[in-house]
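Reader: I'm new to this and keep losing the thread when I look at a whole protein. Could you pick one spot where helices pack together, walk me through it slowly, and then show me what lies around it?

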Amino acid sequence: MATWQELEAEVVSRLANASADERQLFAVGVAERLMRAQEALPADEQAEYALSLRPMLNALWEAALGNTTAFGEIKHGLGEHLLSEYCHNDGQDGPGDADEPAAAAVLYAAAAYLFGTGDPASVASSRAVEAVDERLNTGDNYADDPDGVLAAELHRQLQDLDLIGRHSGSLRHASQGLDIETSTRLHRVLRIPLSSVDAGV
C-alpha cells in the first residue's frame, strides 16, 4: 500500500501533466471541500473571514466551468482582500485569518485565475493535507492511523483528478468561455461530486 508521501508525489505528477483549466478546477474543488468543512464547524469555531469568501468561491466555480462573466466578481473579491487588513506583511504580528486553509485556497485560486500565475492546484492540494494534519493535532482529536488519514485525503484528490480527466476535452478551453449547454452539463457532472465531502465520487 502506498504511503501518503508517495500518494502526494503522484498528485504532484498528475497535476503537472494536467491542463491549466483542469488544475484550476481541481483547486476550486479542493477549496470547496475546505470551505464546507469550515461551514460545518460550530458557530463559535468558524473563521468569519473564510466564510466571507464564499461568494468569491461560487464565482470561481462559474469561471472554472466556462462562465467568463464571473471575472468581475472574482476581481472585486480579490481587490477587497488586497485592500483589507488581512493582506499584510507583518508576519505573526498581523491577522492570520487569510492563512486559514479554506481562505488561503480560495484566495490563491482567485489570484491564479485573474493573473495566470502560480499553481493554485498544488497550493490547494497541500493546504488540504495541512488541514487534515492540523485537525489530527488539535485538542482531543486522535487518530489510530494518522498516516492513513493523510493518505485518504490524497486518495480523494486522485479520485478528483480521475473525474476531471474524464472531461478534459470539454474543459480544455473553459477559461475562454464555454457555451451554456456545455457549462450546465459540467456543473452537473463535476461541481456536485467535486464538492462532496464524502470520497465516493
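**How the helices pack**

Author: Sure, let's start where α2 passes α6 in a left-handed crossing. Keep in mind that you're looking at a predicted model. Two packed helices are described by the angle between their axes and the distance between the axes. For α2 and α6, the angle is about 155° and the axes are 8 Å apart. Angles over 145 degrees count as roughly antiparallel, so α2 is roughly antiparallel to α6.

Now zoom in on the side chains. On the α2 side, look for Gln24, Ala27, Ala31, Leu34 and Met35. They meet Pro101, Ala102, Ala105, Val106, Ala109, Ala112 and Tyr113 in α6. Sort that contact by class and you get 11 nonpolar residues, one polar and no charged ones.

Stay with these two helices for a moment, since they turn up again at the largest pocket. That pocket holds about 330 Å³ of space. It has 13 lining residues, and the closest to its centre are Gln38, Leu41, Glu100, Glu134 and Arg135. α2 (20-39) and α6 (101-115) each supply at least two residues of the lining, and α7 (120-136) does too. Here the mix is six nonpolar, three polar and four charged residues, while the contact of α2 with α6 had no charged residues.

Next, try reading another pair in the same way. Helix α1 (residues 4-17) and helix α8 (residues 146-165) have axes that come within 9 Å and cross at roughly 20°. An angle under 35 degrees counts as roughly parallel, so α1 is roughly parallel to α8. Their crossing is left-handed. In α1, the residues to click on are Trp4, Leu7, Glu8, Glu10, Val11, Arg14 and Leu15. Among their partners in α8 are Leu150, Leu154, His155, Leu158 and Asp162. By class, this contact of α1 with α8 has nine nonpolar, two polar and five charged residues.

One more pair and you'll have the hang of it. Helix α4 (residues 54-64) packs with helix α10 (residues 180-195) at about 140°, with axes 11 Å apart. That angle makes α4 oblique to α10. The crossing of α4 and α10 is right-handed. Asn58, Trp61 and Glu62 in α4 meet His187, Arg191, Leu194 and Ser195 in α10. The classes here come to two nonpolar, three polar and two charged residues.

Conventions. Residues numbered from 1 in each chain as written. Predicted model: local features only at pLDDT ≥ 70, side-chain atom pairs only at ≥ 80, totals over all residues. Heavy atoms only, no water. 1 Å grid on protein atoms, 1.4 Å probe; cavity = no way out; pocket = protein on both sides within 12 Å on 5 of 7 lines; lining within 4 Å. Points joined across faces, edges and corners; volume = space filled by probe spheres on them. Helix = DSSP H or I, 4+ residues; strand = E, 2+ residues; numbered from the N terminus. Nonpolar A, V, L, I, M, F, W, Y, C, P; charged D, E, K, R; others polar. Axes fitted to C-alpha atoms, helices over the stretch in contact; angles between N-to-C directions. Parallel < 35°, antiparallel > 145°, perpendicular 65-115°, else oblique. Left-handed = near helix turned anticlockwise from the far one by under 90°. Contact = heavy atoms within 4.5 Å.
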